[in-house]
Structure formats: structure tokens, C-alpha cells
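Visitor: I have a structure open in front of me, and I would like to learn how to read it. Could you take me through some features, one at a time?

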Amino acid sequence: MKHIGVIGAGTMGNGIAHIFAQSGYNVRLIDLSEIALEKALATISKNLDRMVAKEKISEIDKTNTLNNIHIFTDMSSAVKGLDLVVEAANENMDIKLKIFSQLDELCDEHTILGSNTSSISITKIASATQRADKVIGIHFMNPVPVMKLVEVIRGYATSDEVTNTIMEVSKSLNKVPVEVNDYPGFVANRILMPMINEAINTLHEGVAKVEEIDTVMMLGMAHPMGPLHLADFIGLDVCLSILEVMYDGFGNQKYAPCPLLVNMVTAGKLGVKSSEGFYDYSEGTKNKKLSAQFSR
Ligand code: CAA
């Protein structure tokens, strides 16, 4: 295991490329957009600078990490000779099925195809390929360089050998992998998203206000961020789509997305990525203030 491809240069993709490169893997970061790739390299460099400043790594480590990352806009030329591909494209079923069908055609026979999906069925993704035994979920948490967990999701046909390989690869990144089976929301989001949805219901019903709800969970339960702040950080559109996958998959009312969440996503209030959700981030994430919508 030496050559790793990462598909998608967004928040998750750049974090995944960063940690593989820092652990000595040769990384090919692939995205259709040259601008997104340049932005990802700048973000990785900034995050490495922060680690150098804190004396967690040396300048040489930073240079080596950046030298291990190569950027590509054309998937066909990038995937030959890869041992593992980690797909971190948009959380959209059609996009993922298309990417996996292409990867199956283009990649070497031995290449393991991983997805960083937060909720889409690994078994479904694998059905777009002729190598379902080599398709697996490798779910990193945001911010990837900081969070220790990797949720390793076995699809219906994922082999023991591939699962064991990905468990070992995750450990080599200094992460803690946990093996789970392929059911809606897996484990992380099956537990996290109902909590976030319940926090939004609590707000919607007027039980308490935004900052009060977050304070209860931060100071009462020692969460590093309150659930409404965390929802903004994850993206309200992502939270909604995960809840919809669980609502469809289990047919249980307890996963029904709160109408306020649906309204906010429809109105384009997606959290940090659109500068406004429950909080307003127009002056940066460090200077967040309550969104005008919720300050009345
Ligand atoms: N990249 C690299 N390092 C980062 C970073 C980033 N994007 N953001 C923060 N850090 C580092 C900082 O350098 C700092 O390092 P030290 O401890 O060595 O000083 C550390 O993380 C803490 O950062 P800050 O002091 O700036 O900020 P903070 O104390 O408020 O922590 C946080 C920020 C780590 C994001 C923390 O608030 C936290 O853990 N929040 C919860 C995050 C979470 O729950 N993530 C999972 C979301 S769910 C998901 O991802 C999966 C899904 O499918 C939806």
C-alpha cells in the first residue's frame, strides 16, 4: 500500500490527502476543478504551518508532506498504479455511482475502492462496479487532521482481506478505526444526526434559543461544540440529506427532518459554507455571532 488516490478536493478531500501524505504515502489528489485543487493545496499548507508553529512537525516534515501530493484534473491518467482510492466527492448518489463505475473501468484489478460517504449505502455504491469485494466505506470525521476516528464500513460483499487492510491503513495514519456494517447512517450519523435534529426541534418548538441549547450540551455534556454550531460546521444540507437517507431507509418517524431544518436548507442557509445558519459567520468562524433570524 503506497499509492493513494483521493477524489474530490473539498474540505474532506484535502484533509484526507493531508494525512495520507503526512504519513508517507504518495498521494494523487484528483478534482475536475484546477481552482479547487490549488485551494486544497493552500489549505493543507496552512494547516501544516499551524503544526510547525506548534512544534508538532518540522519544516522538513511539511516539505515532505507537500512533495507527496500531486494534483490531477483528469481521472483516467491519475488512477493507474494506485493501491487505494478514497472518494470524497459530493454526497450525491448519482455522482458516486458514476465515479465508481468509471473507477472500476480505469483502475488496476488490485485497487481497493473506498468511499468517504457519510450515509450512502456502500452496498449500493459497490453495485456500480464488478469488484464489490474490494469496495469499502472509509469515513473520516471533520476536521480530518484532528479527529481520531475512522468508521470502516463493510458493504454486503466487502471481503475480510480488504476490511483488514483498511483497518491497518487507518492505524498507519495514527487514527483509530472502528468496523461497522452497512445500514443507514452507519453508526456515527445514526447517533449524531438524531441529536442534531432534536436540537433543531427544541429550537423550533421554542423550548430554548440557539445559544442556550448549545450551552446546555457544551457545559452539561462536555461536547466541544453545541449541536446547532456543529450542524452549521457540518453543513445543514449534509445534515438534511443524512436524515433523509435514514428516514427512507428505516421508515421510522424518529428520523423525520425537522421542518425548520428543511426551511433553512431551502432558503440557502447552509451554515459555515454559506456564511449563515444558526449563527452568522460573515466575520469569520472565530467571530461567529447569532444569526439575525434567531436573535429576535
Ligand atoms: N485542520 C487541522 N487542524 C485543525 C483544524 C483543521 N481544519 N481545525 C482545528 N485544528 C486544530 C488546531 O490547530 C488545534 O490544535 P491543538 O490542539 O494542537 O492546539 C485544535 O485543532 C483545536 O483547534 P482550535 O483551538 O482552533 O479550536 P477548538 O478548540 O474550538 O477546536 C474543533 C475545534 C477541533 C473543530 C472542536 O471544536 C471539535 O472537536 N468540534 C467537534 C468536531 C466534530 O464533532 N466533528 C465531527 C463532525 S461529523 C463528521 O465529520 C462526519 C459526518 O459524516 C457528518
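Visitor: Which backbone atom lies 2.8 Å from a polar atom of the side chain of Asn116?

Guide: To read such a pair, look for N or O atoms within 3.5 Å of each other. In this predicted model, the partner is the backbone nitrogen of Phe140.

Visitor: Where does Asn116 lie, and is Asn116 buried or exposed?

Guide: Asn116 sits in the loop between β5 (112–115) and α6 (122–126). A residue is called buried when its relative accessible area is under 20%. Asn116 has 8%, so this loop residue is buried.

Visitor: What does Asn116 touch, leaving out residues up to four places away in sequence?

Guide: Among its contacts are Met12, Ile16, Val86, Glu87 and Ala88. Ile138, His139 and Phe140 also touch Asn116.

Visitor: And which residues is Phe140 in contact with, beyond its neighbours within four places in sequence?

Guide: They come from several stretches of the chain you can click through: Met12, Ile16, Ile19, Phe20, Val86, Asn116, Leu149, Val150 and Leu173.

Visitor: How do I read a nonpolar core, and which members of the largest one touch the most other members?

Guide: Think of buried nonpolar residues joined through their side-chain atoms. Here the largest core has 35 residues, and Ile16, Phe20, Val27, Leu29, Leu84, Ile138 and Phe140 touch the most other members.

Visitor: Which elements each supply at least two residues of this core?

Guide: The strands are β1 (3–7), β2 (26–30), β4 (84–87), β6 (135–140) and β7 (149–154). The helices are α1 (11–22), α2 (34–53) and α7 (160–172). Apart from this core lies another, of 27 residues, including Ile196, Ile200, Met246 and Cys258.

Visitor: Now the ligand. How many residues surround the ligand, and which are the closest?

Guide: For a ligand, start with the residues around it and then look at individual atom pairs. The shell holds 19 residues, and Lys54, Lys56, His139, Asn142 and Asn189 are the closest. By kind, the shell divides into ten nonpolar, five polar and four charged residues.

Visitor: Which ligand atoms do polar side-chain atoms of Arg50, Lys54 and Asn189 approach?

Guide: Arg50 has a polar side-chain atom 3.4 Å from a nitrogen atom of the ligand. For Lys54, the partner is an oxygen atom of the ligand, at 2.6 Å. Asn189 also has an oxygen atom of the ligand as its partner, at 2.9 Å. On its own, the ligand has 1,000 Å² of accessible area, and the protein covers 67% of that. Two or more residues of the shell come from each of α2, α8 (188–204) and α10 (227–234).

Visitor: What should I look for in the peptide bond from Asn142 to Pro143?

Guide: Check the omega angle. For this bond omega is near 0°, and the bond is cis. Pro143 is in the loop between β6 and β7.

Visitor: What is the phi of Phe186, and where is Phe186 found?

Guide: Its phi is near 50°, a positive value in a residue other than glycine. Phe186 belongs to the loop between β8 (176–181) and α8. With a relative accessible area of 4%, Phe186 is buried.

Visitor: And Ala222: what is its phi, and is Ala222 buried or exposed?

Guide: Ala222 has phi near 60°, again a positive value in a residue other than glycine. It is found in the loop between α9 (210–221) and α10. Exposed means over 50% relative accessible area. Ala222 reaches 65%, so it counts as exposed.

Visitor: Let us finish with α10. Where do Leu228 and His229 stand in accessibility?

Guide: Leu228 lies in helix α10, and at 0% relative accessibility Leu228 counts as buried. His229 is in helix α10 as well, and at 16% His229 counts as buried too.

Visitor: What are their contacts, apart from neighbours within four places in sequence?

Guide: Leu228 is in contact with Ala199, Ile200, Leu203, Val210, Ile213, Asp214, Phe278 and Tyr279. For His229, the contacts are Asp214, Tyr279, Tyr281 and Lys288.

Terms used. Residues are numbered from 1 along each chain as its sequence is written. This is a predicted model: local features need pLDDT of at least 70, side-chain atom pairs count only at pLDDT 80 or more; totals for chains, interfaces and linings use all residues. Side-chain values use heavy atoms; hydrogens and water are left out. A nonpolar core is a set of buried Ala, Val, Leu, Ile, Met, Phe, Trp, Tyr and Cys residues joined through side-chain atoms within 4.5 Å. Buried means under 20% relative accessible area, exposed over 50%, partly exposed in between (1.4 Å probe, protein chains only). Helices (H or I, at least four residues) and strands (E, at least two) are DSSP runs, numbered from the N terminus. Contact means heavy atoms within 4.5 Å. A residue is near a molecule or strand if one of its heavy atoms lies within 4 Å of it. A polar contact is a pair of N or O atoms within 3.5 Å; within protein, one must be able to donate a hydrogen and the other to accept it, and residues adjacent in sequence count only if both atoms are side-chain atoms. Accessible areas come from the Shrake-Rupley method with a 1.4 Å probe; for residues, only the protein chains shown count as cover. Ala, Val, Leu, Ile, Met, Phe, Trp, Tyr, Cys and Pro count as nonpolar, Asp, Glu, Lys and Arg as charged, and the others, Gly among them, as polar.
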